There are 2 protein chains.
Amino acid sequence: MPISPLAVAFPRLLPVAGVRFATAAAGIRYRGRTDVMLAEFAPGTTVAGVFTRNQCPGAPVTWCREILAAGQARGLLVNAGNANVFNGIAGMNAVRSTAAAAAQALGCRSEEIFTASTGVIGEPMPAERMVAVMDELAGRLDPDHWDEAARSIMTTDTFPKGATRVARIGGVEVRISGIAKGSGMIAPDMATMLAFVVTDAAIPAPILQSLLKSGAEPSFNCITVDSDTSTSDTLLLFATGQAPHPPVQDTRGLVGFRKALIAVLHDLAQAVVRDGEGAQKLIDITVTGAVSARSARRIGLAIANSPLVKTAIAGGDANWGRIVMAVGKAGEPADRDRLAVAIGGVWMARDGQIVAGYDETPVVAHMRGLEIRIAVDLGLGRGRAQVWGCDLTHGYVDINGAYRS
Amino acid sequence: MPISPLAVAFPRLLPVAGVRFATAAAGIRYRGRTDVMLAEFAPGTTVAGVFTRNQCPGAPVTWCREILAAGQARGLLVNAGNANVFNGIAGMNAVRSTAAAAAQALGCRSEEIFTASTGVIGEPMPAERMVAVMDELAGRLDPDHWDEAARSIMTTDTFPKGATRVARIGGVEVRISGIAKGSGMIAPDMATMLAFVVTDAAIPAPILQSLLKSGAEPSFNCITVDSDTSTSDTLLLFATGQAPHPPVQDTRGLVGFRKALIAVLHDLAQAVVRDGEGAQKLIDITVTGAVSARSARRIGLAIANSPLVKTAIAGGDANWGRIVMAVGKAGEPADRDRLAVAIGGVWMARDGQIVAGYDETPVVAHMRGLEIRIAVDLGLGRGRAQVWGCDLTHGYVDINGAYRS
């Protein structure tokens with residue numbers, strides 16, 4: 001597949017003290033590329049996680065949820081090509097055997113190894129292929145291999161995704177760097193993808209969890225590609241504790257850190273939606289005037305997930321009628337006669353009807369661009385949300401009609 | 001567009017005493033075809049209706065809801081090409097003026113004229129074009145013009161849709177005939193389309209309403225094309241009271257009638273989904289073992305609406321992993337380790353994993369057919385549902401990326 005026209009360049013990710021990466025080609029499904037990534041964390045690393053809400057999660061998700069309670073991590077093992085989902089007891093055995101191999105290679109306990117898998121569902125996981133490359137992986141861990149790590153976890157992604165920020169805690173600089181992969185089956189809650197973020201800050205696991213959970217809301221939980229929710233969604237945040245800042249007791253003093261973390265999560269989520277399968281246009285939807293922020297987000301996602309809105313945008317059609325339809329289908333409070341709709345900053349409809357003298361010319365020009373801005377005002381309250389999606393194209397049909405073959 | 005490969009022939013619809021039809025080319029949007037339909041009902045005709053749950057309904061829906069309370073109908077006026085949605089007060093004025101013109105032509109009150117519109121949203125409704133053909137319409141009403149009526153209300157439909165049955169009430173034969181149009185923006189509740197059914201039975205409006213509401217559940221409320229919910233969905237049932245059966249006091253004695261009515265609604269709903277925009281394959285989904293029938297239906301619709309399931313089927317890929325994903329995303333009770341999935345009668349996965357020795361050959365052959373049968377058993381309870389959808393193809397993207405242009 002050609003690289004998405006919405007691609008953003010992979011930034012130079014700041015190395016983070018206390019984490020090293022290695023990748024290998026285990027031949028799980030793909031040939032001629034890396035498909036396994038191992039990360040090693042310094043002793044004392046804390047961890048937070050947010051996972052898919054799909055009722056049929058993969059074995060790696062089940063495993064991560066179990067070990068997350070302890071809040072400690074020494075390693076992360078990720079593969080692409082096989083999601084290890086719906087493999088019954090064999091799936092959990094595959095997780096245990098690969099985690100055990102990674103633990104042995106890193107000199108820690110299995111329960112300190114987090115795992116994630118992405119790819120086809122329901123095919124037996126060839127764990128032995130991952131185990132076979134474990135020593136090779138452990139032998140070439142490198143703090144600077146962010147780019148390689150990002151590439152090794154891609155499936156139908158057309159570009160690697162990374163983000164990086166610095167912040168200060170108690171006057172001491174800390175770093176936050178992360179990678180992610182998409183690119184179909186992306187819908188809240190939470191957004192369906194793999195993302196791994198590492199900071200050298202020293203933050204107790206419960207505080208880290210609270211930061212991650214709230215940070216996922218305006219980022220990963222506000223993007224959608226196709227309304228489908230993966231069985232494997234995993235967002236993990238590791239804090240290696242290597243930065244020499246004063247101890248963190250609570251969230252006071254973490255204002256700057258939180259802001260930087262949200263910026264990283266936002267960048268990663270944006271990169272995921274920009275690489276939505278077949279996407280040719282980014283859709284940026286702002287909903288205002290809803291009865292609540294939650295209602296606004298639901299309305300925004302109804303618009304972003306509407307096949308009719310998405311195909312209209314693919315076709316360059318400023319079809320605000322379908323936006324009205326999608327607002328109405330959300331099941332949230334809406335008053336047809338107070339509704340206003342804008343595309344590209346031009347209000348086309350207000351108070352339940354087309355704006356008098358509406359001139360489509362600037363809107364048509366906007367529709368030719370790569371980033372389509374839709375604004376909807378409900379006129380009911382102060383609820384506001386911003387969500388992001390992408391268009392529905394022939395590329396999506398092609399990719400997903402032939403993914404396994 | 002070529003005719004859907006899933007098309008069914010338009011049956012010979014039985015004329016129903018007490019209803020006559022006429023169609024005309026008003027040039028509302030389309031050229032060279034009929035786009036307006038007028039039906040006249042005998043005095044004393046009762047009516048029942050079920051409408052879209054979209055929060056931004058069109059003016060005709062608002063009008064029908066208002067006048068339905070009286071339970072009486074003398075006429076039905078329908079147009080294709082303009083949905084008369086989101087036109088503010090002008091939209092309601094258009095309904096009033098066309099209903100008034102129809103009432104004058106048929107010699108009744110405006111409040112006895114039901115209206116429905118389908119087509120583009122948010123464009124002013126040229127009511128005067130409909131008014132201009134009203135006398136022409138009234139001058140050539142004919143009880144046998146079902147086929148013409150069905151054709152005049154089509155939008156992106158590729159074939160006209162009709163269904164007919166006979167039943168007995170108190171030993172006297174009654175007829176039920178109906179027409180419908182689809183074919184995008186089809187999702188419950190209720191199914192998003194226009195359907196008009198007429199019987200010569202004499203049934204009080206409250207009983208008729210109850211029959212229609214329950215009949216829509218296993219038919220129109222179990223189909224979906226694209227998860228989008230139209231602003232204009234309208235299902236109306238008219239009873240002309242011309243059949244000489246004994247008076248109906250309650251639903252006792254209507255067992256046969258109810259069965260025939262459901263058969264008509266089922267046929268029409270099936271025809272709609274078979275003409276889903278771009279559809280190349282019908283998807284027939286049976287969900288069993290859910291905690292309730294409602295839960296089963298939601299799971300079935302989550303499968304039928306999943307873009308990843310729909311594109312896999314378009315590509316002939318027996319990708320049961322995506323079916324598992326869709327079950328899990330429905331948000332309904334599901335236990336990954338009890339789940340079973342079959343395609344074409346072949347159980348591929350049971351108890352949370354692939355069936356030992358699963359041979360894909362017969363399933364691959366089934367996937368090449370026009371009708372794909374999916375069965376899911378949750379293993380939790382006795383809830384059961386059957387729903388129908390269609391695949392997501394390049395045709396859908398083509399049609400909806402260029403609908404207005």
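**Exercise 1.** In this predicted model, determine in which strand I283(A) is found, and decide whether I283(A) counts as buried or exposed.

*Solution.* Step 1: the residue is located in the secondary structure. I283(A) belongs to strand β10 of chain A, which covers residues 282-290.

Step 2: the neighbour count is compared with the cut-off. A residue is buried if 20 or more other C-beta atoms lie within 10 Å of its own. I283(A) has 23 C-beta neighbours inside 10 Å and therefore counts as buried.

Step 3: the contacts are listed. Leaving aside residues up to four places away in sequence, I283(A) touches A304(A), I313(A), I372(A), I374(A), W388(A), G389(A), C390(A) and D391(A).

Step 4: a separation is read from the C-alpha atoms. D351(A) lies 68 residues from I283(A) in sequence and 24 Å from I283(A) in space.

**Exercise 2.** Describe the side of chain A that touches chain B, by element and by residue class.

*Solution.* Step 1: the contact is counted on both sides. In chain A, 55 residues are in contact with 55 residues of chain B.

Step 2: the contributing elements are identified. At least two residues each come from α2 (88-106), α9 (307-314), α10 (320-329), β13 (353-354) and α12 (394-401) of chain A. The most is given by α10(A), with eight residues.

Step 3: the residues are sorted by class. This side of chain A holds 23 nonpolar, 23 polar and nine charged residues.

**Exercise 3.** Establish the strand order of the five-strand open sheet of chain B, and state which helices pack on the sheet.

*Solution.* Step 1: the order is β3-β9-β8-β7-β6 (chain B), and the pairing is mixed. At the edges stand β3 (46-51) and β6 (161-169) of chain B, each pairing on one side only. From one strand to the next, the twist averages 15°.

Step 2: one pair is examined. Six bridges link β3(B) with β9 (residues 234-239) of chain B in the antiparallel sense. V47(B) stands opposite F238(B) in β9(B).

Step 3: the helices are added. Helix α6 (residues 205-216) of chain B touches β3 and β9 of chain B, and its direction makes about 35° with that of β3(B). Helix α7 (residues 255-274) of chain B touches β6, β7 (172-181) and β8 (194-199) of chain B, and its direction makes about 175° with that of β6(B).

**Exercise 4.** Identify the edge strands of the six-strand open sheet of chain B.

*Solution.* Step 1: the order is β13-β12-β11-β14-β10-β15 (chain B), with mixed pairing.

Step 2: the edge strands, each pairing on one side only, are β13 (353-354) and β15 (383-390) of chain B.

Step 3: at the β13(B) edge, two bridges join this strand to β12 (residues 346-350) of chain B, and the two run antiparallel. The bridge partner of R350(B) is Q353(B) in β13(B).

Technical notes:
Residues are numbered from 1 along each chain as its sequence is written. Chains are lettered from A and ligands numbered from 1 in the order in which they are written. This is a predicted model: local features need pLDDT of at least 70, side-chain atom pairs count only at pLDDT 80 or more; totals for chains, interfaces and linings use all residues. Two residues are in contact if their C-beta atoms, placed from the backbone, lie within 7 Å. Helices (H or I, at least four residues) and strands (E, at least two) are DSSP runs, numbered from the N terminus. Ala, Val, Leu, Ile, Met, Phe, Trp, Tyr, Cys and Pro count as nonpolar, Asp, Glu, Lys and Arg as charged, and the others, Gly among them, as polar. A residue is buried if 20 or more other C-beta atoms lie within 10 Å of its own, exposed if 12 or fewer, and partly exposed in between; C-beta atoms are placed from the backbone. Two strands pair if DSSP finds at least two bridges between them. Axes are lines fitted to C-alpha atoms, for helices over the stretch in contact, and angles run from 0 to 180 degrees between N-to-C directions.
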